[in-house]
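Got the viewer open and a selection box ready? Let's take a walk through this one, stop by stop.

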Amino acid sequence: MKGRRAFVLVGVGALAWCLGGCTGEEPTWKVKKRYFGLASHYGPEWEGRLTATGETFHNSELTAAHKSLPFGSKVRVTLLSTHKSVVVRINDRGPYVKGREIDLSDEAARRLGIGRKGVVEVLIEVLELGHDKYISPAKRRAMKKKNASKAKASSRKKPTAKELEALI
């Protein structure tokens, strides 16, 4: 009887969890700030470079660059012409072109349907403020150098036993 009760409780719990979070919809966010601006997106040449947070940029992730929002902030970007929207995480600084508010990864731009249009008008809604972890340019360069030396070290050919014997 106890086993059956536990099974029923687990089933009810799973059903409640699924009804509460398995709808496939975005979580409900309380919008902290809302404004309009111009959005552009990163080009393929940025793939693999370090962002201002020190993480490696990947165009396939839902990330963006913003001039002042704290790193880790969640932002909903809505394309005004189609009303499609995507939630991105701020992990870089920019764009450094006058008049632009946000630079989107290629994946975020693809989901909005921007394609190669370049610059588009968007609604930007700040959903969650991030941690504002900033890595100085000097520290970023040091991290990049360290990552490059690790990659170089791992690509070196290891000597064979015969080569080691010849050295002795």
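What follows is a tour of a predicted model, starting with how far to trust it.

**Stop 1: colour by confidence**

Colour the chain by pLDDT before anything else. The mean for the chain is 79, and 72% of residues reach 70 or more. Now select helix 1 (residues 2–21): confidence is lowest there, at a mean of 44. Strand 3 is at the other end of the scale, with a mean of 96, the highest in the chain. Next, select residues 5–25, where pLDDT stays under 50 throughout. For that stretch the model has two contacts beyond four places in sequence. Where pLDDT is low, the predicted coordinates should not be read in detail. Hide that part if you like and move on.

**Stop 2: the nonpolar core**

Select Val-75, Val-77, Val-88, Ile-102 and Leu-104. These are the residues with the most contacts inside the largest nonpolar core, a set of 22 residues. Which elements give two or more residues to this core? Show strand 1 (33–41), strand 3 (74–79), strand 4 (85–92), strand 5 (100–104), helix 2 (106–112) and strand 6 (120–128), and you have them. Strand 6 supplies the largest share, at four residues.

For a view from inside, centre on Val-88. Setting aside neighbours within four places in sequence, Val-88 is in contact with Val-75, Val-77 and Leu-104, and also with Leu-62, Thr-63, Ala-64, Ser-73, Lys-74 and Ala-108.

**Stop 3: the aromatic cluster**

Select Tyr-42, Trp-46 and Phe-57, which form one aromatic cluster. The whole structure holds two aromatic pairs. Tyr-42 and Trp-46 make an edge-to-face pair, with centres 6.3 Å apart and 70° between the planes. Tyr-42 also pairs with Phe-57: here the centres are 4.2 Å apart and the planes are at 35°, so this pair counts as tilted. Both of those residues sit in the loop between strand 1 and strand 2 (63–66), 15 residues apart.

Turn on a surface and ask which of the three rings' residues are buried or exposed. With a cut-off of under 20% relative accessible area for buried, Tyr-42 at 5% qualifies, and so does Phe-57 at 2%. Trp-46, at 37%, is partly exposed.

**Stop 4: charges over rings**

Stay on Trp-46 and add Arg-49, which lies over the face of the ring at 4.5 Å from its centre. Then jump to Phe-71 and Arg-93: the charged end of Arg-93 sits over the ring of Phe-71, 4.0 Å from the centre.

**Stop 5: Thr-53**

Go back to the loop between strand 1 and strand 2 and pick Thr-53. Is Thr-53 buried or exposed? Its relative accessible area is 7%, so Thr-53 is buried. What does its side chain meet? One polar contact goes to the side chain of Thr-51, at 2.8 Å. In addition, the backbone oxygen of Asn-91 lies 3.3 Å from a polar atom of the Thr-53 side chain.

**Stop 6: two backbone oddments**

Select Gly-94 and Pro-95 and check the peptide bond between them: it is cis, with omega about -5°. Pro-95 lies in the loop between strand 4 and strand 5.

Last pick: His-83, in the loop between strand 3 and strand 4. Phi is near 65° here, a positive value in a residue other than glycine. His-83 has 64% relative accessibility, so it counts as exposed.

How values were computed:
Residues are numbered from 1 along each chain as its sequence is written. This is a predicted model: local features need pLDDT of at least 70, side-chain atom pairs count only at pLDDT 80 or more; totals for chains, interfaces and linings use all residues. Side-chain values use heavy atoms; hydrogens and water are left out. A nonpolar core is a set of buried Ala, Val, Leu, Ile, Met, Phe, Trp, Tyr and Cys residues joined through side-chain atoms within 4.5 Å. Buried means under 20% relative accessible area, exposed over 50%, partly exposed in between (1.4 Å probe, protein chains only). Contact means heavy atoms within 4.5 Å. pLDDT is the predictor's confidence in each residue, from 0 to 100. Rings of Phe, Tyr and Trp (its six-membered ring) pair if their centres lie within 6.5 Å; planes under 30 degrees apart count as stacked, over 60 as edge-to-face and the rest as tilted. A charge sits over a ring if NZ of Lys or CZ of Arg is within 6 Å of the ring centre and within 35 degrees of the ring normal. A polar contact is a pair of N or O atoms within 3.5 Å; within protein, one must be able to donate a hydrogen and the other to accept it, and residues adjacent in sequence count only if both atoms are side-chain atoms.
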